Amino acid sequence: MKEEKLVKLATKGDSEAFGKLMILLKDQAYRMAYCYLHHEHDSMDAVCNAMEKAFEKLNQLREPKYFKTWFLKIVINESNQLLREKSKIFELSENEMMNLSGESKSEHIEDLEELLNQVEPTVRSMIYMKYYLGYSLDEISKITDLPLSTVKIKIYRNLKQLREKLVQGEVL
(Lines give C-alpha, C1' and ligand atoms only; values in the text may rest on other atoms or scores of the structure.)
Protein backbone atom coordinates (compact mmCIF):
# COMPACT_ATOMS: atom_id res chain seq x y z
CA MET A 1 0.00 0.00 0.00
CA LYS A 2 1.29 3.44 -0.84
CA GLU A 3 2.71 5.50 2.03
CA GLU A 4 0.38 8.48 1.50
CA LYS A 5 -2.67 6.23 1.57
CA LEU A 6 -1.46 4.69 4.84
CA VAL A 7 -0.95 8.17 6.29
CA LYS A 8 -4.49 9.19 5.35
CA LEU A 9 -5.90 6.04 6.94
CA ALA A 10 -3.79 6.57 10.06
CA THR A 11 -4.96 10.17 10.46
CA LYS A 12 -8.52 8.84 10.41
CA GLY A 13 -7.71 6.62 13.39
CA ASP A 14 -6.57 3.40 11.70
CA SER A 15 -3.91 2.12 14.12
CA GLU A 16 -3.03 -0.77 11.81
CA ALA A 17 -2.10 1.70 9.04
CA PHE A 18 0.01 3.65 11.55
CA GLY A 19 1.76 0.42 12.54
CA LYS A 20 2.56 -0.32 8.89
CA LEU A 21 4.00 3.19 8.52
CA MET A 22 6.20 2.65 11.56
CA ILE A 23 7.45 -0.64 10.15
CA LEU A 24 8.40 1.16 6.93
CA LEU A 25 10.28 3.92 8.78
CA LYS A 26 11.72 2.15 11.81
CA ASP A 27 15.17 1.47 10.33
CA GLN A 28 15.66 5.03 9.09
CA ALA A 29 14.40 6.40 12.40
CA TYR A 30 16.78 4.18 14.36
CA ARG A 31 19.77 5.19 12.22
CA MET A 32 18.84 8.84 12.65
CA ALA A 33 18.60 8.49 16.44
CA TYR A 34 21.83 6.50 16.56
CA CYS A 35 23.59 9.25 14.65
CA TYR A 36 22.75 11.59 17.53
CA LEU A 37 23.02 9.27 20.50
CA HIS A 38 25.67 6.67 19.56
CA HIS A 39 24.02 4.19 21.88
CA GLU A 40 21.78 1.32 20.83
CA HIS A 41 19.33 1.36 23.74
CA ASP A 42 19.02 5.14 23.87
CA SER A 43 18.38 5.18 20.13
CA MET A 44 15.64 2.60 20.50
CA ASP A 45 14.13 4.65 23.34
CA ALA A 46 14.16 7.78 21.19
CA VAL A 47 12.43 5.98 18.32
CA CYS A 48 9.80 4.47 20.64
CA ASN A 49 9.14 7.87 22.21
CA ALA A 50 8.89 9.40 18.74
CA MET A 51 6.41 6.74 17.64
CA GLU A 52 4.28 7.44 20.68
CA LYS A 53 4.34 11.20 20.10
CA ALA A 54 3.65 10.79 16.40
CA PHE A 55 0.61 8.64 17.15
CA GLU A 56 -0.69 11.18 19.68
CA LYS A 57 -0.12 14.17 17.41
CA LEU A 58 -1.01 12.60 14.07
CA ASN A 59 -3.97 14.96 13.73
CA GLN A 60 -1.51 17.88 13.60
CA LEU A 61 0.10 16.62 10.38
CA ARG A 62 -0.90 19.05 7.64
CA GLU A 63 0.34 17.26 4.52
CA PRO A 64 0.34 13.45 4.33
CA LYS A 65 3.15 13.52 1.76
CA TYR A 66 5.47 15.00 4.43
CA PHE A 67 4.79 12.31 7.01
CA LYS A 68 8.28 10.83 6.76
CA THR A 69 9.93 14.24 7.20
CA TRP A 70 7.57 15.08 10.06
CA PHE A 71 8.24 11.79 11.81
CA LEU A 72 12.03 12.00 11.42
CA LYS A 73 11.91 15.48 12.89
CA ILE A 74 10.14 14.04 15.94
CA VAL A 75 12.88 11.40 16.17
CA ILE A 76 15.53 14.15 16.09
CA ASN A 77 13.70 16.10 18.79
CA GLU A 78 13.42 13.00 20.98
CA SER A 79 17.12 12.25 20.44
CA ASN A 80 18.03 15.78 21.45
CA GLN A 81 15.82 15.46 24.51
CA LEU A 82 17.62 12.28 25.57
CA LEU A 83 20.97 14.00 24.97
CA ARG A 84 19.93 16.83 27.26
CA GLU A 85 18.79 14.39 29.93
CA LYS A 86 21.98 12.35 29.77
CA SER A 87 24.44 15.17 29.15
CA LYS A 88 26.05 14.66 32.55
CA ILE A 89 26.24 10.88 32.30
CA PHE A 90 29.03 9.15 30.38
CA GLU A 91 28.69 5.41 29.88
CA LEU A 92 30.71 3.00 27.78
CA SER A 93 29.52 -0.51 27.12
CA GLU A 94 31.94 -3.40 26.77
CA ASN A 95 31.49 -3.36 22.97
CA GLU A 96 32.23 0.36 22.81
CA MET A 97 35.37 -0.19 24.90
CA MET A 98 36.52 -2.81 22.40
CA ASN A 99 35.76 -0.37 19.56
CA LEU A 100 37.83 2.29 21.25
CA SER A 101 40.75 -0.09 21.72
CA GLY A 102 40.74 -0.83 17.98
CA GLU A 103 40.20 -4.56 18.25
CA SER A 104 37.03 -4.71 16.16
CA LYS A 105 37.37 -1.87 13.63
CA SER A 106 40.03 -0.70 11.25
CA GLU A 107 42.06 2.34 12.24
CA HIS A 108 40.77 4.35 9.30
CA ILE A 109 37.15 3.94 10.27
CA GLU A 110 38.02 4.90 13.84
CA ASP A 111 39.78 8.01 12.55
CA LEU A 112 36.72 9.00 10.53
CA GLU A 113 34.44 8.37 13.48
CA GLU A 114 36.72 10.41 15.72
CA LEU A 115 36.64 13.27 13.23
CA LEU A 116 32.87 13.10 12.88
CA ASN A 117 32.48 13.11 16.65
CA GLN A 118 34.26 16.46 16.71
CA VAL A 119 31.46 17.94 14.60
CA GLU A 120 28.40 19.36 16.36
CA PRO A 121 25.58 16.76 16.51
CA THR A 122 23.20 18.65 14.22
CA VAL A 123 25.81 18.96 11.46
CA ARG A 124 26.96 15.37 12.03
CA SER A 125 23.39 14.18 11.48
CA MET A 126 23.09 16.27 8.31
CA ILE A 127 26.30 14.69 6.96
CA TYR A 128 24.96 11.28 7.93
CA MET A 129 21.61 11.94 6.23
CA LYS A 130 23.34 13.12 3.05
CA TYR A 131 26.06 10.49 2.66
CA TYR A 132 24.77 7.43 4.52
CA LEU A 133 21.01 7.65 4.13
CA GLY A 134 20.99 9.31 0.70
CA TYR A 135 18.72 12.25 1.51
CA SER A 136 18.82 15.25 -0.79
CA LEU A 137 19.85 18.62 0.59
CA ASP A 138 16.27 19.79 0.17
CA GLU A 139 14.94 16.88 2.26
CA ILE A 140 17.56 17.57 4.94
CA SER A 141 16.50 21.21 4.95
CA LYS A 142 12.88 20.21 5.59
CA ILE A 143 13.76 17.69 8.29
CA THR A 144 16.01 20.09 10.20
CA ASP A 145 13.82 23.16 9.62
CA LEU A 146 16.82 25.09 8.29
CA PRO A 147 17.08 27.03 5.03
CA LEU A 148 18.61 25.08 2.17
CA SER A 149 21.56 27.49 1.95
CA THR A 150 22.32 26.98 5.67
CA VAL A 151 22.27 23.20 5.25
CA LYS A 152 24.66 23.42 2.29
CA ILE A 153 27.03 25.76 4.10
CA LYS A 154 27.08 23.69 7.29
CA ILE A 155 27.67 20.40 5.48
CA TYR A 156 30.30 21.58 3.03
CA ARG A 157 32.15 23.86 5.47
CA ASN A 158 32.45 21.04 7.98
CA LEU A 159 33.49 18.51 5.34
CA LYS A 160 36.20 20.92 4.21
CA GLN A 161 37.47 21.28 7.77
CA LEU A 162 37.45 17.51 8.25
CA ARG A 163 39.34 17.04 4.98
CA GLU A 164 41.97 19.57 6.09
CA LYS A 165 42.42 17.76 9.41
CA LEU A 166 42.92 14.48 7.55
CA VAL A 167 45.46 16.04 5.19
CA GLN A 168 47.33 17.66 8.05
CA GLY A 169 47.41 14.33 9.82
CA GLU A 170 45.76 15.63 13.00
CA VAL A 171 43.93 12.38 13.44
CA LEU A 172 45.99 9.85 11.52
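The points below comment on a predicted model of a single structure.

1. Overall build. The protein chain contains 9 helices and 0 strands. Read from the N terminus, its elements run α-α-α-α-α-α-α-α-α. Of the 172 residues in the protein chain, 35% are buried.

2. Salt bridges in general. The count of salt bridges comes to 5. Three of them are discussed here, including one inside a helix and two that join separate parts of the sequence.

3. Glu16 and Lys20. These residues form a salt bridge in which the closest N and O atoms are 3.8 Å apart. Both belong to helix α2 (residues 15-37), and they are separated by 4 residues, about one turn of the helix. Glu16 counts as exposed, because its relative accessibility is 55% and the cut-off for this class is over 50%. Lys20, with a relative accessible area of 38%, is partly exposed.

4. Lys53 and Glu78. A salt bridge also links the side chains of Lys53 and Glu78, with an N to O distance of 2.7 Å. Lys53 is in helix α3 (residues 40-56) and Glu78 is in helix α4, so the pair ties together parts that lie 25 residues apart in sequence. Is Glu78 buried or exposed? Glu78 is buried, because its relative accessible area of 8% falls under the 20% limit. Its partner Lys53 is partly exposed, at 38%.

5. Asp145 and Lys73. The side chains of these two residues meet in a salt bridge of 2.0 Å, N to O. Asp145 lies in the loop between α8 (137-144) and α9, whereas Lys73 lies in helix α4, so this pair ties together parts that are 72 residues apart in sequence. Asp145 is exposed, with a relative accessible area of 54%, while Lys73 is partly exposed, with 26%.

6. The second largest pocket. This pocket has a volume of about 410 Å³. Its lining consists of 14 residues, and those nearest its centre are Gln60, Leu61, Thr69, Trp70 and Lys73. Lys73 thus appears both here and in the salt bridge with Asp145. Which element gives the largest share of the lining? Helix α4 (residues 67-85) does, with 5 residues. By residue class, the lining divides into 7 charged, 4 nonpolar and 3 polar residues.

7. A nonpolar surface patch. Tyr131, Tyr132 and Tyr156 form a nonpolar patch on the surface, and together they have about 370 Å² of accessible area. Tyr156 is located in helix α9 (residues 148-168). With a relative accessible area of 39%, Tyr156 is partly exposed; it can belong to the patch because patch residues need over 30%.

Conventions:
Residues numbered from 1 in each chain as written. Predicted model: local features only at pLDDT ≥ 70, side-chain atom pairs only at ≥ 80, totals over all residues. Heavy atoms only, no water. 1 Å grid on protein atoms, 1.4 Å probe; cavity = no way out; pocket = protein on both sides within 12 Å on 5 of 7 lines; lining within 4 Å. Points joined across faces, edges and corners; volume = space filled by probe spheres on them. Nonpolar A, V, L, I, M, F, W, Y, C, P; charged D, E, K, R; others polar. Patch = residues over 30% accessible without salt bridge, like charges linked within 9 Å, V, L, I, M, F, W, Y side chains within 5 Å. Areas by Shrake-Rupley, 256 points an atom, 1.4 Å probe, with all protein chains shown as cover. Salt bridge = Lys/Arg side-chain N within 4 Å of Asp/Glu carboxyl O. Buried < 20%, exposed > 50% of the residue type's maximum accessible area, 1.4 Å probe, protein only.
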